[in-house]
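Q: Please take a close look at a single part of this model, the packing of one pair of helices, and set it in the context of the domains.

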Amino acid sequence: MIPVCDLLPQYLALKTEIDAAMQAVAKAGHFILGPNVKALEAEVAAYCGCAYAVGVNSGTDALHLALRALRVGPGDEVITTPFTFIATTEAIGMVGATPVFVDIDPDTFNMDPARLEAAITRHTKAILPVHLYGQPCAMDEILAVAHAHGLYVVEDCAQAMGSSYHGRKVGTLSDVGCLSFFPSKNLGCYGDGGMLITDNPEVAERAEMLRRHGGKVKYHHSELGLNSRLDELQAAILRVKLPHLDTWLAARRAHAYRYNALLAAAGIATPRERLGEHVIRPTAALNFPLDRLYATYHQYTVCVAERDRVQRELAAAGVGTMVYYPVPLHRQAVHAGLGHAPGDFPAAEAAAASCLSLPIFPELQFAQQERVVEALTATVAGLKAA
Ligand SMILES: Cc1ncc(COP(=O)(O)O)c(C=O)c1O
């Protein structure tokens, strides 16, 4: 089976250093918020190009604490996309605010900024764009709306660490960026982990306080916080991996461009990148203007008719795939109270019905990619002929 994501080759390539880092933590006996967390925070801030980074215990908590740090709370509305993982709206709900959805741009699967104005009310406090699959959102347009209405912007970069926009890393374009170090993410640890990145000292200070039970000084608590600390073992592993991130991201991009080239003739809707007015499908041959926009292809997602059947047939042919995500958030039972009906966000619903993520990870081999493309092309052609 060709897996959709294989973490083993990365571990084997760095085994000596990772094993040594884990042993050093065990020997030092300092497991929570120690020197590795502090060093990793500085290294991630330097990598992303921002002033502060605060390690927490998941991407979900990074989003939750970002909103708490900005004092988004009960009675507030936060505008986001319905085509994302539940953690995005979970964080909004955890602070007592209400998610308000805008539909996606079908070309990019990301929030359509042209729909933002219509979603703003007097309760709107923030916009929460998600750089889905590693593709940066249309941040110029999103930030213009936010500035015009005095709204915060929190970027969900869980799938997009290292992606950039006009030469700046995602997460540093707004008030706060939220990273996930879930094992399969662009930079993954061996458990749960996450980080907030920001240029705002007040936000960083509040997040630091909130992640350890709402207190700056041990056993003195100024507000209710939570236990959300990145641990030393995870930080030590991430410190070994971070220097390799750009090489891995370049490999992901190369795989994506090769998929685009190989699938071009098959009549399959391959992922697109938006450069201002232009929608492009880069191939390996294209001289891509990296200074402008840099998608990192955390996922490589195509759209196909009869998706579930295609997925089953690919599995039978030995090709693993995933559906991110089969049910848009406005159709989730947990959000029934928002009162949405089918058809409210047609682009998100169409994407949820047809999206299929193909195997992609830095160590994916060309021969594996060729097998994926052959199997997908044959399956889609077979279904069309039937
Ligand atoms: C878009 C998005 N947001 C948030 C998260 C939450 O990250 P974590 O799993 O680290 O809590 C994820 C993780 O899958 C995600 O894909």
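A: What follows describes one helix pair and then the domain contact. The model is predicted, with local features requiring pLDDT of at least 70 and side-chain atom pairs counting only at pLDDT 80 or more, while totals for chains, interfaces and linings use all residues. Residues are numbered from 1 along each chain as its sequence is written.

Helix α1 (residues 8-28) packs against helix α8 (residues 232-241) at an angle of about 150°, and their axes are 9 Å apart; helices here are DSSP runs of H or I with at least four residues, strands are runs of E with at least two, and both are numbered from the N terminus. The axes are lines fitted to C-alpha atoms over the stretch in contact, with angles running from 0 to 180 degrees between N-to-C directions. The angle therefore makes α1 roughly antiparallel to α8, a term applied over 145 degrees.

On the α1 side the contact is made by L14, E17, I18, A21, M22, A24 and V25, and on the α8 side by E232, L233, A236, I237, R239, V240 and K241, where contact requires C-beta atoms, placed from the backbone, to lie within 7 Å. These residues divide into 10 nonpolar, no polar and 4 charged, with Ala, Val, Leu, Ile, Met, Phe, Trp, Tyr, Cys and Pro counted as nonpolar, Asp, Glu, Lys and Arg as charged, and the others, Gly among them, as polar.

The chain is divided into domain 1 (8-101 + 110-243) and domain 2 (245-385), with bounds from an automatic or database domain assignment. Between these domains, 27 residues of domain 1 are in contact with 27 residues of domain 2, and α1 and β6 (164-165) each supply at least two residues of the domain 1 side.

Technical notes:
Angles under 35 degrees count as roughly parallel, over 145 as roughly antiparallel, 65 to 115 as roughly perpendicular and the rest as oblique. Two residues are in contact if their C-beta atoms, placed from the backbone, lie within 7 Å.
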